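Colleague: I want to go through the ligand site and the cavities. Please set each value against its definition.

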Amino acid sequence: MRELIDRLEHEKILSREEFRALLACDDDTLHRRARAAREQIFGNRIYLRGLIEFTNHCKNDCYYCGLRRGNRNAQRYRLAKEQILWCCVEGHRLGLRTFVLQGGEDPYYTDDMLADIVRCVKAEYADCAVTLSLGERSYDSLKLLRQAGADRYLLRQETSNPTHYAMLHPPGMSLSARRKCLWDLKKLGYQAGCGFMVGSPGQTLDHIVDDLLFIREFDPEMVGVGPFIPHSSTPFAGEKQGDLRLVLNTIAILRLMKPSLLLPATTALGTINETGYELGILVGANVVMPNMTPANVRENYLLYDNKNRMDARVINQRLRAIGCEAVISRGDYIEL
Ligand code: 5AD
């Protein structure tokens, strides 16, 4: 295993078979080396992003997601611009300098409305970055939002195998459309984030290797990885959740493959284990996303069951307990 880890660290790539072996390995060396790689670049500094989940309406029907159109049990909500801006006031006060506007694919918010929201946040907080996480959008829409001031965009590919993609999504959605959108983000000068769930139904180790190889090709600034967690009102209600160790190994491998990557300890990771955020950071993650969604609607943004959240008020405490420190800065990607 040590030899594989050395080679990954120096050459940033392994054969498929070697990647599979490393993903499945039970040796904490991988975790220690990934943590050391993070510390070498970022020291003990962890970046924060305030997550504002502003709509849980969605026109899509992805089989894994609790926001899916077909979920009649969801209590739907939308935030007005003023409410979103209030989340930013509070977030800024707590030291957050990136706001992530995330929502389902909700046509209620037109391009112009979204551009206006982005412009207002940027006008109010010149020292902050705006990240969008709004699903697939047209080139022209992404362009407008970029021109309005959006800095970054998160869009997980979910899987890099077209057949597996079709197992997770209804007809009408395709991996090629997802990929086109990801490449459009690059073209438009967004800092781009992709990612996937570990342990989604039908996923094999080979699929994860496909994702690692796609990430190498796409060369994103950010990658979000977390365990799949079943949601009771979806077709995948009875499936089992992603394996903690496999998530941690995946994060560690990504850190070694691309040491400068912005890699969050995700909410899903914090949900399957009480110390999930800490574990993620200890294997190479360098971002946490405290939840800034207003308390009265937060309970309704349920991608999966038992969703946990990182509270911005306890984040410093939790980070300090593992020898880390939250930074008050935009935390932009820095090319090595
Ligand atoms: N379990 C874990 N992650 C999920 N997501 C959606 N549904 C689930 C689930 N059941 C993730 C997807 C999406 C991101 C916003 O949340 O990867 O891209």
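What follows is a short exchange on the ligand site and the cavities.

Modeller: This is a predicted model; local features need pLDDT of at least 70, side-chain atom pairs count only at pLDDT 80 or more, and totals for chains, interfaces and linings use all residues. Residues are numbered from 1 along each chain as its sequence is written, and side-chain values use heavy atoms, with hydrogens and water left out.

Colleague: What makes a residue part of the set that surrounds the ligand?

Modeller: A residue is near a molecule if one of its heavy atoms lies within 4 Å of it. Among those around the ligand are Cys65, Met197, Pro227, Phe228 and Tyr304.

Colleague: Why is the pair between Glu158 and the ligand called a polar contact?

Modeller: A polar contact is a pair of N or O atoms within 3.5 Å; within protein, one must be able to donate a hydrogen and the other to accept it, and residues adjacent in sequence count only if both atoms are side-chain atoms. A side-chain N or O atom of Glu158 is 2.5 Å from a ligand oxygen, so the pair qualifies. Arg156 has a polar side-chain atom 2.9 Å from an oxygen of the ligand. Tyr64 uses a backbone N or O atom, 2.9 Å from a ligand nitrogen. The protein covers 87% of the 400 Å² of accessible area (Shrake-Rupley, 1.4 Å probe) that the ligand has on its own.

Colleague: What makes a space a cavity?

Modeller: On a 1 Å grid over the protein atoms alone, a cavity is a set of points where a 1.4 Å probe fits but cannot get out. Lining residues have an atom within 4 Å of a point. The search finds 3 cavities of 30 Å³ or more. The largest has a volume of about 980 Å³, and its lining counts 48 residues. Strand 7 gives the most to that lining, with 5 residues.

Colleague: Which cavity does the ligand take up?

Modeller: The ligand's space is the largest cavity. The test is that more than half of a molecule's atoms lie within 2 Å of the grid points.

Colleague: How much space lies in the second largest cavity?

Modeller: About 40 Å³. Its lining includes Phe54, Asp106 and Arg137.

Terms used
On a 1 Å grid over the protein atoms alone, a cavity is a set of points where a 1.4 Å probe fits but cannot get out, and a pocket is an open set with protein on both sides within 12 Å along at least five of seven lines; lining residues have an atom within 4 Å of a point. Grid points are joined across faces, edges and corners, and a volume is the space filled by probe spheres set on the points. Helices (H or I, at least four residues) and strands (E, at least two) are DSSP runs, numbered from the N terminus.
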